[in-house]
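Biologist: Could you take a close look at one part of this model for me and walk me through how it sits among its surroundings? I would enjoy a connected account rather than a list.

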Amino acid sequence: MSVDLSFFRSETSQRIREEGREEGVSESIIRILRRRGIAVSAAAESKIVSCHDRAQLGEWLDRAIGAQTVDDLFSD
């Protein structure tokens, strides 16, 4: 018996996986900030969650580790 695995190689499947990775990074950024006692406003959370640039998300994730405020995350 063979199983059709073509869906898992499809563009739709790849897009879903990419969205899941982005969502996971966004959630991690917010969680790190909150666990460190940094208040995350609704506007900041929306900005993080709506970002789909993997490089930017990675930068914010790195910054979340040492940030003192949520604004530190977005400063250049």
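Modeller: Happy to! Let me start from Trp60, which touches Ile29, Lys47, Ile48, Cys51, Leu73 and Phe74 when residues up to four places away in sequence are left aside. Please keep in mind that this is a predicted model.

Trp60 belongs to the buried set of helix α3, which spans residues 54–66; the other members of that set are Leu57 and Ala64. Viewed down the axis of α3, these buried residues fall within an arc of 60°, so they line one face of the helix. The general background is simple: an α-helix has 3.6 residues a turn, so residues three or four places apart point the same way. On the face of α3 turned away from the buried side you will find the exposed residues Ala55, Asp62, Ile65 and Gly66.

The N-terminal end of α3 has a cap, supplied by Asp53: one of its side-chain oxygens lies 3.0 Å from the backbone nitrogen of Ala55. Further along, α3 also holds a salt bridge between Arg63 and Glu59, with the closest N and O atoms 3.0 Å apart. Both partners lie in α3, four residues apart, which is about one turn of the helix. Arg63 is partly exposed, at a relative accessible area of 21%, and Glu59 is also partly exposed, at 35%.

Now back to the buried side and what it packs against. The largest nonpolar core has 15 residues, and Trp60 is among those with the most contacts inside it, together with Ile29, Leu33, Ile48, Val70, Leu73 and Phe74. Helices α1, α2, α3 and α4 (70–74) each supply at least two residues of this core. As a general point, nonpolar side chains in soluble globular proteins tend to be buried together.

Leu57, another buried residue of α3, leads us to Ser26, which touches Leu57 as well as Ile48 and Val49, again not counting residues up to four places away in sequence. Ser26 sits in helix α1 and counts as buried because its relative accessibility is 3%, with under 20% as the cut-off. A polar atom of the Ser26 side chain lies 3.3 Å from the backbone oxygen of Ile48. Ile48 is thus worth a second look on your screen, as Trp60 touches Ile48 too.

There is another link to follow between α1 and α2. A search of the whole structure finds two salt bridges, and one of them joins Arg34 to Glu45, with the closest N and O atoms 2.8 Å apart. Arg34 lies in α1 (residues 11–35) and Glu45 in α2 (residues 42–50), so the pair ties together parts that are 11 residues apart in sequence. Arg34 counts as partly exposed at 45% relative accessibility, and Glu45 does so at 29%. Elsewhere in α1 is Glu23, whose C-alpha atom is separated by 9.0 Å from that of Ser50, 27 residues apart along the chain.

To place all this in the whole chain: the protein has four helices and zero strands, and buried residues make up 24% of its 76 residues. Among contacts with a separation of 6 or more, 58% come from residues 24 or more positions apart. The protein exposes about 5500 Å², of which carbon and sulfur atoms supply 52%.

How values were computed: Residues are numbered from 1 along each chain as its sequence is written. This is a predicted model: local features need pLDDT of at least 70, side-chain atom pairs count only at pLDDT 80 or more; totals for chains, interfaces and linings use all residues. Side-chain values use heavy atoms; hydrogens and water are left out. Buried means under 20% relative accessible area, exposed over 50%, partly exposed in between (1.4 Å probe, protein chains only). The arc is that of the directions from the helix axis to the C-beta atoms. A polar contact is a pair of N or O atoms within 3.5 Å; within protein, one must be able to donate a hydrogen and the other to accept it, and residues adjacent in sequence count only if both atoms are side-chain atoms. A salt bridge is a side-chain nitrogen of Lys or Arg within 4 Å of a carboxyl oxygen of Asp or Glu. A nonpolar core is a set of buried Ala, Val, Leu, Ile, Met, Phe, Trp, Tyr and Cys residues joined through side-chain atoms within 4.5 Å. Contact means heavy atoms within 4.5 Å. Accessible areas come from the Shrake-Rupley method with a 1.4 Å probe; for residues, only the protein chains shown count as cover.
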